[in-house]
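Okay, thanks for making time this morning. I'd like to walk you through one model, so let me put it up on the screen.

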Amino acid sequence: MHKLLARQIKRHLGGAELSEPWASFLASVDRAYEQYDTDRLLLERSLELTSEDLNQRYAELQHDIDQRLAVERELATAKEEAKVVAELAQLAETRSRFVTQTSHEFRTPLAVILAATEVLSRYDDQLTAAGRLARLEKIRGNVRQMTELLDDVLDYGRSEAGKNPCVRQPIDLRALCEEVLTEVAATTATARDVILQCAPMPRLPLDPKLVRQILGNLVGNALKYSSAGNRVTVTATTREGHVELQVQDEGIGIPPADQKRLFEPFHRGANVGNRPGSGLGLAITKEAVTSHGGQIDVASAVGHGTTFTVRLPTST
């Protein structure tokens, strides 16, 4: 490059030899070009090394990402398998509790029925009319108890299988409450004081079958777990966008430890004693409330009674 520049300068000077300043200038230009070539080669090599390093680091990073994703997939699979195992264990426990509970609940009334029928068959001629009637009432009451147990099992099975959908239709809630209280009272051995507080209200879009389940179970439990002198109060009110049902009793109450498992199937409180029951009523009630998109809350103190509050949306 500097030789071409020297010829051009000579031509400009008319062919004369270059003076010392021009020669020095051209020499400095030559050194600058040489340094430029050296720097360019070093830069190109540096860029090649940098590119190789980046490619290597990218490959290492991609490998780390692939390993992390593989580990995460393994963990997700393990968690899913653990979840399935836990669900199967819970199902096995539920089935075991079902067999134990239903066997016990059927055995007791069947024993009472068997004893009553044997007395009637052996000593019919020695029994008074009142004695025969008393034993027939025992048979009737225990048959009713077994029927209720079977109904609970069937209702719970339908709920678990999703065969109890919420089918809303306009209903007279007060009339439905009165019907349910009459039905529950008919299955109670002794007359009880149940107070219904329900102001006149328009027909509400609710599922009458599910509401009947909710009220029947809650009122039935209130009567079952309270004494003859205790009062049971059923309140129905409408609020903005929902209806509120409240069942309050003055019975034995629910221990705090049992309140945590209150809506589990087949679970019964530690203080229920020998009162009959399947442990399914509140599980069925919870499913009926959930089908409505509602919620259920409980407030209870041992020895002071229990209050269940159900809120059901009235808008679809």
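Let's begin with the outside: the protein chain has an accessible surface of about 19900 Å², and 56% of that belongs to carbon and sulfur atoms. Before anybody asks, yes, this is a predicted model. As for the inside, 30% of the 316 residues in the protein chain are buried.

Now the secondary structure. We've got seven helices and seven strands in the protein chain. If you read along the sequence, the pattern goes α-α-α-β-α-β-β-α-β-β-α-α-β-β. And for those of you who like contact statistics: take the contacts between residues at least 6 apart in sequence, and 68% of them join residues at least 24 apart.

Next, the sheet. What order do the strands take in it? It's an open sheet of five strands, ordered 2-4-5-7-6, and the pairing is mixed. Strand 2 and strand 6, which covers 295-301, sit at the edges, each pairing on one side only. From one strand to the next, the twist averages 10 degrees.

Let me go across that sheet pair by pair. Strand 2 and strand 4 run parallel, joined by five bridges, and there you can find Leu196 with its bridge partner Val234 in strand 4. Then strand 4 pairs with strand 5, antiparallel this time, over seven bridges; Thr237, for instance, has Glu244 in strand 5 as its bridge partner. Those two strands form a hairpin with two residues between them, and Gly241 in the turn has a positive phi of about 85 degrees.

Over at the other edge, strand 6 and strand 7 are antiparallel, with seven bridges joining them. Ile296 stands opposite Val310 in strand 7. Helix 7 packs on the sheet here, touching strand 6 and strand 7, and its direction makes about 140 degrees with that of strand 6.

Keep Val310 in mind, please, as we go to the packing. The largest nonpolar core has 35 residues, and Val310 is among those with the most contacts inside it, along with Leu173, Leu206, Val211, Leu245 and Leu312. Who supplies at least two residues each? Helix 4 (173-186), helix 5 (208-224) and helix 7 (281-291) do, and so do strands 2 (194-198), 3 (204-206), 4 (232-239), 5 (242-248) and 7 (305-313). Helix 5 gives the most, with eight residues. Apart from this core lies another one, of six residues, including Ile113, Leu127, Ile139 and Met146.

If you want a single residue to click on, try Val211. Leaving out residues up to four places away in sequence, Val211 touches Leu173, Leu176, Leu206, Leu245, His292 and Leu312.

Last stop is a pair of loop residues. Arg268 is in the loop between helix 6 and helix 7, and so is Gly269, with helix 6 being 256-259. Why does Arg268 count as buried? Because its relative accessibility is 17%, and the cut-off for buried is under 20%. Gly269 counts as partly exposed because its value is 23%. The side chain of Arg268 makes a polar contact of 2.8 Å with that of Tyr225. Gly269, meanwhile, lies 5.6 Å from Asp258, C-alpha to C-alpha, with the two 11 residues apart in sequence.

That's my tour, so shout if you'd like to go back to any part of it.

Notes: Residues are numbered from 1 along each chain as its sequence is written. This is a predicted model: local features need pLDDT of at least 70, side-chain atom pairs count only at pLDDT 80 or more; totals for chains, interfaces and linings use all residues. Side-chain values use heavy atoms; hydrogens and water are left out. A nonpolar core is a set of buried Ala, Val, Leu, Ile, Met, Phe, Trp, Tyr and Cys residues joined through side-chain atoms within 4.5 Å. Buried means under 20% relative accessible area, exposed over 50%, partly exposed in between (1.4 Å probe, protein chains only). Helices (H or I, at least four residues) and strands (E, at least two) are DSSP runs, numbered from the N terminus. Contact means heavy atoms within 4.5 Å. Two strands pair if DSSP finds at least two bridges between them. Axes are lines fitted to C-alpha atoms, for helices over the stretch in contact, and angles run from 0 to 180 degrees between N-to-C directions. Accessible areas come from the Shrake-Rupley method with a 1.4 Å probe; for residues, only the protein chains shown count as cover. A polar contact is a pair of N or O atoms within 3.5 Å; within protein, one must be able to donate a hydrogen and the other to accept it, and residues adjacent in sequence count only if both atoms are side-chain atoms.
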